[in-house]
Amino acid sequence: MPGTTFTSAASLEPAYRAVAWEQTPLGPPQLWPRELRTALALVLGTRFPAALFWGPQLVTLYNEAFVPLIGDKHPAALGVPAQDVFHEAWDVVGPQLTAVLAGERPTWVQDALIPLERAAGVQDAWFSYSYSPVRDEAGAVLGVLDLAVETSAQVLGLRRLEALRTLDASLASAVDAADVAERTRVARADGDADLAPSSGAVSAVVDQFHLLVEAAAAAATARVDAWAARRRSEARTQGVLESMPTAFCALDRAWRCTQVNARAEQLLGRPRGELVGERLWDLFPAAADGGSAAAFRRAMDEGTTAVFEEHVPAPVDAWFELTVQGRDDGVDVYFTDITAYRRAQEQAERDARRAGLREAVAAAVAGADGVVEALQLLPGLLVPALADWAVATAVDDAAAGERSARHDWRDALRDVASAHRGSAADRERTEQFRALRLDALVDPPFSPSGVPGPGRTPAGGGAGAPTADQLAPGRARELFEELAPQAVLVQPLRGRDGVLGVLTLFRGAGSPPFDADDLELLAELADQAGVALDNARLHAQQRDLAHELQASLLTSLPEPDHLQVVARYRPAARGAQVGGDWYDAYVTDDGCTHLVVGDVAGHDRSAAVVMAQVRNVLRGVAQALAAPPATVLSALDRAVQRLAVEGLTTAVVARVEQSAAEAARGQRVLRWSSAGHPPPLLITRDGRARLLQAPADLLLGLDPDAERHDHTAVLEPGSTVLLYTDGLVERRGEDLDAGLERLREAAGRLVTTGRARDVEALCDALLAELAADAEDDVALLALRAHPQDRPRPVAAGEEALPPDLDVPGDAAPGAYQPDLELRQLLLPPEPASASRARAFVRAWCARAGVEEDACEAAVLLTSEVVTNAFLHGRSEARLSVTGGLVEGSPTVHVEVGDENSRRPTRLRTGTAELDGRGLGIVEACSLAWGVVDAPVGKVVWFDVAR
């Protein structure tokens with residue numbers, strides 16, 4: 001167990017360390033649960049007498065202040081079940097402790113008689129104590145917290161006073177000396193029985209009582225002067241009152257104070273001359289209409305006793321435990337200052353709540369996937385613990401660096417989440433305000449946003465009172481006034497290189513203003529969250545870079561007429577590594593369309609390198625051989641061995657074939673071969689789905705001479721073939737067959753119900769349903785065989801093939817063929833233009849003798865830039881391709897112009913949006929790129945090495 005567990009035990013630390021904990025029900029301290037360590041730290045950290053009873057055996061732990069209460073039981077009581085420690089009192093405290101441990105309500109007992117074994121034997125003592133449950137996060141009770149104070153002196157003092165009052169009243173009506181003697185004997189016997197328990201405790205109190213009884217008897221026997229005797233009795237009573245540690249005040253039926261003792265003067269901070277003769281409600285007007293006033297009146301009217309706690313406001317500002325006893329001519333009030341106890345209890349509860357808040361924030365932020373997701377969780381954790389409502393703002397460092405050029409600080413900021421403790425209407429207003437706030441702020445922005453002025457970052461947190469004047473007139477200002485914040489606390493969340501986010505906390509009417517403790521706690525939470533946010537930001541940067549690199553390694557797809565090819569790549573839900581999954585599709589010289597999906601073992605750069613090598617070798621082998629898949633895979637296996645490409649790879653290669661007879665029947669044949677890969681899925685037009693199960697051949701990279709086999713299936717018109725990697729179907733701890741069946745059922749259902757009859761929608765729906773939380777990357781390739789006796793569907797886009805490829809039989813009239821003499825191509829804003837742009841660039845590269853890898857890079861980047869132009873510009877785009885030089889090396893120079901003057905921006909680091917990812921790929925894969933203003937709109941250009 002770390003030293004800090006017992007260090008806070010002060011003088012008890014040696015006693016705690018001397019216990020053989022492994023022999024106790026709690027076991028070794030290093031195995032103690034977090035809840036036990038937290039509760040024990042709370043007990044050891046308070047100066048109020050406190051004990052902790054843990055587990056089913058209620059093992060005893062306590063602090064330094066608790067030792068005087070148990071006397072000689074210390075230190076043997078440490079680590080011992082409570083029943084063994086307090087066996088003499090177990091009939092009293094045992095049922096209460098076990099009830100709290102069982103989950104019943106907490107116990108609070110005042111002035112309870114508890115037999116307690118001390119040095120002189122078992123003695124009667126009186127205690128006020130509370131038993132409170134200690135729960136885990138699920139709400140289960142793990143132990144009991146005991147806060148206690150011994151009240152024996154107060155109890156015995158009250159009993160002594162009552163016995164003397166009774167004796168005085170009795171002697172006042174005595175008729176002769178014998179009567180005095182008898183009444184004195186009875187009073188002494190009754191007092192001895194009440195004040196001197198069988199244990200023989202409190203002998204000094206008994207002796208003093210005997211003296212007072214004898215004095216009262218002598219005074220009554222003398223009966224020299226009834227009035228003098230009475231005055232002497234009252235004097236003695238007053239002496240008892242003055243010596244009492246408990247404060248006393250007597251009230252008549254008009255609520256006037258008739259008598260007080262010195263302790264009452266001390267606690268109330270007034271001399272008795274200012275108290276005696278004054279009405280209670282004039283002295284303490286705040287108590288005149290509360291629950292305590294009702295208790296006072298009931299005690300007077302009914303002659304009963306009421307016990308309760310009451311706070312007396314300034315200038316007294318203290319908590320008292322009051323006992324109000326009714327009598328014929330008024331009430332007697334006994335009160336004890338319990339301020340220290342109440343504040344210790346409140347501090348303990350506050351510390352526990354704040355410790356829980358720190359743990360919740362740490363857990364939430366540490367588990368978040370990126371800065372924005374982490375910030376979105378914080379308002380819900382801080383409301384209502386620290387505020388009535390809150391807004392979280394993300395600060396984008398990249399955008400902040402460009403603010404001076406755009407003259408708009410808002411580009412660096414995004415309000416990403418809000419929370420409100422109130423009604424649904426309040427939460428809706430808060431969310432609307434969050435959406436409108438940044439645009440409505442005046443320049444410079446008001447402090448509650450945490451927003452810096454242009455060119456600055458938030459420098460520190462602070463509290464203040466916001467005003468509506470800091471918002472421009474409009475809906476945001478109206479919402480602000482409806483929410484009516486009275487105080488605001490602003491806290492930036494700093495990472496290593498600057499501010500990553502800002503938390504703005506608001507408190508409304510009825511809530512106290514933020515104090516120094518709130519500022520300190522929020523600063524602590526901000527430091528804790530800032531480190532976690534920075535780690536999330538760096539993780540997101542690594543992940544995004546890895547995903548951009550992965551995407552750049554994947555190829556664009558051919559679009560043979562009447563065959564629609566669609567691909568998807570989904571990175572793992574968590575992680576920032578490049579994987580070995582890939583897809584590919586191409587058309588060979590024999591006119592056959594080939595589909596490939598593969599997976600190289602591993603999730604690192606080595607796997608990505610092997611994947612790129614295997615993919616390129618496979619492409620070259622397939623183009624050179626134009627052979628069935630099994631032959632291609634065998635040649636690939638030999639090639640990777642000779643080229644020393646290391647790594648295990650699974651893959652499935654399929655190609656679509658069609659003879660003249662099959663064409664006459666409107667059918668095609670899918671021929672495939674698998675190298676240890678999951679089987680293809682065939683879905684008919686009416687939604688019947690089946691896995692093309694066949695014995696899988698050996699993985700690539702194990703045996704170059706392994707025998708490989710082809711398998712075939714008929715593709716009816718409208719059929720769809722799915723190839724995929726195992727990330728789509730595998731789940732931790734689950735058999736692969738279950739995942740394959742889940743895919744088969746989902747694909748068939750989506751097509752049958754009409755939710756995904758379009759192949760693009762089918763791929764998206766499968767990813768959403770099966771891969772939302774996939775632990776591995778997912779590559780998905782789909783081919784749909786459209787009927788050949790009708791035009792190619794519009795939803796499939798236009799045909800896109802290499803320009804020099806002669807595809808017999810399946811070429812549709814009117815398919816787009818690029819004009820090789822053109823140097824510029826005009827592209828309308830429609831889906832087919834992206835495929836036209838790719839074909840145009842590929843044709844130019846083929847004519848110019850550009851190497852295949854450089855051509856594919858230029859095609860990929862052109863597709864990204866053209867798509868971006870259509871997404872944001874929604875105008876006709878102009879594409880031109882020329883040759884160029886960068887530092888003396890030949891390049892492919894591509895320009896894409898549109899009529900939108902808004903300059904593109906890269907994706908904000910750590911966000912989950914797709915907008916802006918294209919430029920990240922352009923930046924990563926090009927030699928150079930830039931944006932140039934045009935007379936109308938802009939031109940985005942890039943260079944790729946030839």
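Alanine 112 is buried, its relative accessible area being 11%, in a model that is predicted. This alanine forms part of strand E3, which covers residues 107-118. Beyond its neighbours within four places in sequence, alanine 112 is in contact with Ala125, Trp126, Phe127 and Tyr129. For one of these partners, tryptophan 126, the C-alpha atom is separated from that of alanine 112 by 5.2 Å, although the two residues are 14 residues apart along the chain.

A second buried position is glycine 330, for which the relative accessibility is 0%. Glycine 330 belongs to strand E10, which spans residues 330-337. When neighbours within four places in sequence are left aside, the contacts of glycine 330 are with Leu251, Asp252, Arg253, Met300 and Gln325. The C-alpha atom of glycine 330 is also separated by 9.0 Å from that of alanine 299, a residue 31 positions away along the chain.

These local descriptions belong to a protein chain with 28 helices and 30 strands. Of its 946 residues, 51% are buried. Among contacts in the chain with a separation of 6 or more, 62% are between residues 24 or more positions apart. The chain exposes about 42300 Å², and carbon and sulfur atoms supply 52% of that area.

Two helix pairs were examined in detail. In the first, helix H18 (residues 424-440) packs with helix H19 (residues 475-483) at an angle of about 140°, and the axes are 8 Å apart. The arrangement of H18 relative to H19 is therefore oblique, since only angles over 145 degrees count as roughly antiparallel. The crossing of these two helices is left-handed. On the H18 side, the contact involves Asp426, Arg429, Thr430, Gln432, Phe433, Leu436 and Ala440, which meet Arg475, Ala476, Leu479, Phe480, Glu482 and Leu483 of H19. By class, seven residues of this contact are nonpolar, two are polar and four are charged.

Helix H18 also contains glutamate 431. This glutamate counts as partly exposed because its relative accessibility is 32%. The C-alpha atom of glutamate 431 is separated by 7.7 Å from that of alanine 417, and the two residues are 14 residues apart along the chain.

Alanine 484 is placed in the loop between H19 and strand E14 (485-495). Its phi is near 50°, a positive value in a residue other than glycine. With a relative accessibility of 34%, alanine 484 counts as partly exposed.

The second pair consists of helix H24 (residues 736-752) and helix H25 (residues 759-770), whose axes come within 10 Å and cross at roughly 135°. H24 is accordingly oblique to H25. In this pair the crossing is right-handed. H24 contributes Arg742, Leu743, Ala746, Ala747, Arg749, Leu750 and Val751 to the contact, while H25 contributes Leu762, Ala765, Leu766, Glu769 and Leu770. The residues of the contact of H24 with H25 comprise nine nonpolar and three charged residues, with no polar ones.

Backbone geometry was also considered in the loops. A positive phi, near 60°, is found at alanine 10, a residue other than glycine. Alanine 10 lies in the loop that runs between helix H1 (4-7) and helix H2 (13-18). Its relative accessibility of 43% places alanine 10 in the partly exposed class.

Cis peptide bonds occur before two prolines, proline 315 and proline 384. The bond from alanine 314 to proline 315 has omega near 10°, and proline 315 lies in the loop between strand E8 (305-312) and strand E9 (318-327). For the bond joining valine 383 and proline 384, omega is about 5°. Proline 384 is located in the loop between helix H15 (371-382) and strand E11 (389-395).

Definitions and conventions. Residues numbered from 1 in each chain as written. Predicted model: local features only at pLDDT ≥ 70, side-chain atom pairs only at ≥ 80, totals over all residues. Heavy atoms only, no water. Axes fitted to C-alpha atoms, helices over the stretch in contact; angles between N-to-C directions. Helix = DSSP H or I, 4+ residues; strand = E, 2+ residues; numbered from the N terminus. Parallel < 35°, antiparallel > 145°, perpendicular 65-115°, else oblique. Left-handed = near helix turned anticlockwise from the far one by under 90°. Contact = heavy atoms within 4.5 Å. Nonpolar A, V, L, I, M, F, W, Y, C, P; charged D, E, K, R; others polar. Buried < 20%, exposed > 50% of the residue type's maximum accessible area, 1.4 Å probe, protein only. Areas by Shrake-Rupley, 256 points an atom, 1.4 Å probe, with all protein chains shown as cover.
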